[in-house]
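User: I am new to this structure and would like a guided look at it. Could you take me through the main parts?
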Amino acid sequence: MDLDRSVPVWPRVAEELKRRIATGTYAPGTRMPGVAVLAAELDVAPATVQKAYAGLRTEGLLRTVLRQGSFVADESAPAKE
């Protein structure tokens, strides 16, 4: 992902993830990539991905299950567990 480093990076990462969710790359119920894996793919710090994931959880697009990971939310699941 080509990023303009003069603006905060995490919102751009969150927008990229929203695009992937909207296009079906990450379908409802799909387990999201681990933070370290996605950070390496996007060439950003793991903390940046964590912040993007937190923003998507707040918006109800992701849900996180303790010791299992983050998943794309679907209509039948609560936004947070």
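Analyst: Certainly. Please note that this is a predicted model. A suitable place to begin is helix H3, which covers residues 46-58 and has 13 residues.

User: How far does H3 reach from its first C-alpha to its last?
Analyst: H3 reaches 19 Å, close to the 18 Å expected at 1.5 Å a residue.

User: Which residues of H3 are buried?
Analyst: The buried residues in H3 are Thr48, Val49, Ala52, Tyr53, Gly55 and Leu56. Seen down the axis of H3, they fall within an arc of 160°, so they line one face of the helix.

User: And what covers the buried residues of H3?
Analyst: The cover includes two helices, H1 (10-22) and H2 (35-42), and two strands, E1 (62-65) and E2 (69-72).

User: What follows H3?
Analyst: Glycine 60 follows H3, and its phi is positive, near 85°.

User: Let us turn to the strands. How do E1 and E2 run?
Analyst: E1 and E2 run antiparallel, joined by 4 bridges. In one of these pairings, leucine 62 has valine 72 in E2 as its bridge partner. The two strands form a hairpin with 3 residues between them, and arginine 67 in the turn has a positive phi of about 65°.

User: Where is alanine 73, and is it buried or exposed?
Analyst: Alanine 73 lies in the segment after E2. Its relative accessible area is 13%, so alanine 73 counts as buried, the cut-off being under 20%.

User: Which residues does alanine 73 touch?
Analyst: Leaving aside residues up to four places away in sequence, alanine 73 touches Pro28, Gly60, Leu61, Leu62 and Arg63. Glycine 60 in that list is the residue with positive phi that follows H3. In addition, alanine 73 and alanine 27 are 46 residues apart in sequence, with 8.8 Å between their C-alpha atoms.

User: Back to the helices. Which residues of H2 are buried?
Analyst: Leu38, Ala39 and Leu42 are buried in H2. They cover an arc of only 105° around the axis, which puts them on the same side of H2. The face turned away from that side carries the exposed residues Ala36, Val37 and Ala40.

User: What covers the buried residues of H2, and what comes after this helix?
Analyst: The cover includes H1 and H3. H2 is followed by aspartate 43, which has a positive phi, near 60°.

User: One last residue: is glutamate 16 buried or exposed?
Analyst: Glutamate 16, which lies in helix H1, counts as buried at 14% relative accessibility. Its side chain makes a polar contact with the side chain of arginine 19 (2.7 Å).

Methods
Residues numbered from 1 in each chain as written. Predicted model: local features only at pLDDT ≥ 70, side-chain atom pairs only at ≥ 80, totals over all residues. Heavy atoms only, no water. Expected span 1.5 Å × (residues − 1). Buried < 20%, exposed > 50% of the residue type's maximum accessible area, 1.4 Å probe, protein only. Arc of directions from axis to C-beta. Contact = heavy atoms within 4.5 Å. Pairing = 2+ DSSP bridges. Polar contact = N/O pair within 3.5 Å; in protein donor to acceptor, adjacent residues only side chain to side chain.
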